[in-house]
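Open the structure in your viewer and keep the sequence panel visible. Each stop below says what to select and what is there.

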Amino acid sequence: MVSRSCRCRCSTASSSCWARSSRGACGGGLPPSPSPAFPRSTPARQTVRAGACAGPSPFPPPRRAPSHPRDQSEPGPHSISACALRAAVAELRAGAVVAVPTDTLYGLACAASCSAALRAVYRLKGRSEAKPLAVCLGRVADVYRYCRVRVPEGLLKDLLPGPVTLVMERSEELNKDLNPFTPLVGIRIPDHAFMQDLAQMFEGPLALTSANLSSQASSLNVEEFQDLWPQLSLVIDGGQIGGGQSPECRLGSTVVDLSVPGKFGIIRPGCALESTTAILQQKYGLLPSHASYL
């Protein structure tokens, strides 16, 4: 693949970087970086591979964010650079849809406050608008802003960050165009340093769903959803997620309804069912119920 420029003050001579600009209509993007390493006429859509900013550049090398949660050791082959993080934030603030790695699957993220971006996610996935999008946050403390929490704080901290989606009653802080058909919302804080840094730097809720066409298999590497690339403004390549071979790798997060005090309902078993139910029942004494999440 021919290498092209990215807008994050770096050379991508050693990476695959491609595409055309496809900004959304919500505005609020970050200001362009001064004196970019490449001309503005270069196509803007990018595939940023892990560590892609490590080539020669007239600018000081950016801090490289570890790809594994909070591992501050020397970055490995799939570490995601700080310039990729800045590029992702800029695209999200501009109302674009971005592909990102998480702790379970590759996902599609957009600003939850941008109604046009939400519509774009449904459109490019071919997803029914009667199916909800999860909300990705950067900290457990943020959950209280966007949800009416009916469980102990310790329970949240035992499960988050982690491969779970916790469904609770939504607050008035969320965009009314996000899942307007339900008073509930699913909250994700992936156990993945890049996603936590992204949500914190973005400073707002991100809508998150799997990076695949509806009814097709979920994706564990960026090549598996390359049919979606032309419709995305940015693809962050964090390498292969999980083992990649067993079917369990594609189960996604375990989705749990915690909207009823004292009870929990498993909406989707996902990849962390056993450990999640053990915490809910044995440590916090919650009783299982039959729940449905519209």
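The tour goes from the whole chain to a helix, one of its residues, and then a strand.

**Whole chain**

Start with everything selected. This is a predicted model, and its protein chain averages a pLDDT of 79, with 71% of the residues scoring at least 70. Show the cartoon: the protein chain has 6 helices and 14 strands. Of its 294 residues, 52% are buried. Switch to a surface view, and about 13100 Å² is exposed, 52% of it supplied by carbon and sulfur atoms. Contacts often reach far along the sequence: counting those between residues at least 6 apart, 67% join residues at least 24 apart.

**Two stretches to read with care**

Select residues 1–24. Here pLDDT stays under 50, although the model has 79 contacts beyond four places in sequence for this stretch. Next select residues 27–45, where pLDDT also stays under 50 and the model has 44 such contacts. Where pLDDT is low, the predicted coordinates should not be read in detail.

**Helix H2**

Select residues 115–125, which form helix H2. How many of the 11 residues of H2 are buried? The count is 8, so to speak a helix that is mostly covered. Among the buried ones are Ala117, Leu118, Val121 and Leu124. To see part of what covers the buried residues of H2, add strand E5 (106–111) and strand E10 (206–210) to the selection. Then step past the end of the helix to Gly126, which follows H2 and has a positive phi, near 65 degrees.

**Ser115**

Go back to Ser115, a residue of H2. Is Ser115 buried or exposed? Its relative accessible area is 18%, and buried means under 20%, so Ser115 counts as buried. Show the residues in contact with Ser115, leaving aside neighbours within four places in sequence: they are Cys26, Asn175 and Asp177. With Asp177 there is a polar contact between the side chains, at 2.5 Å.

**Strand E11 and its partner**

Now select residues 234–237, strand E11. Which residues lie on each side of E11? Leu234 and Ile236 are on one side, Val235 and Asp237 on the other, and all of these are buried, which leaves both faces of the strand covered. In a regular strand the side chains alternate between the two faces of the sheet.

Finally, add residues 98–101, strand E4. E4 and E11 run parallel and are joined by 2 bridges. Zoom in on Val98 to find Leu234 of E11 standing opposite.

Key
Residues are numbered from 1 along each chain as its sequence is written. This is a predicted model: local features need pLDDT of at least 70, side-chain atom pairs count only at pLDDT 80 or more; totals for chains, interfaces and linings use all residues. Side-chain values use heavy atoms; hydrogens and water are left out. Buried means under 20% relative accessible area, exposed over 50%, partly exposed in between (1.4 Å probe, protein chains only). Helices (H or I, at least four residues) and strands (E, at least two) are DSSP runs, numbered from the N terminus. Two strands pair if DSSP finds at least two bridges between them. Contact means heavy atoms within 4.5 Å. Accessible areas come from the Shrake-Rupley method with a 1.4 Å probe; for residues, only the protein chains shown count as cover. pLDDT is the predictor's confidence in each residue, from 0 to 100. A polar contact is a pair of N or O atoms within 3.5 Å; within protein, one must be able to donate a hydrogen and the other to accept it, and residues adjacent in sequence count only if both atoms are side-chain atoms.
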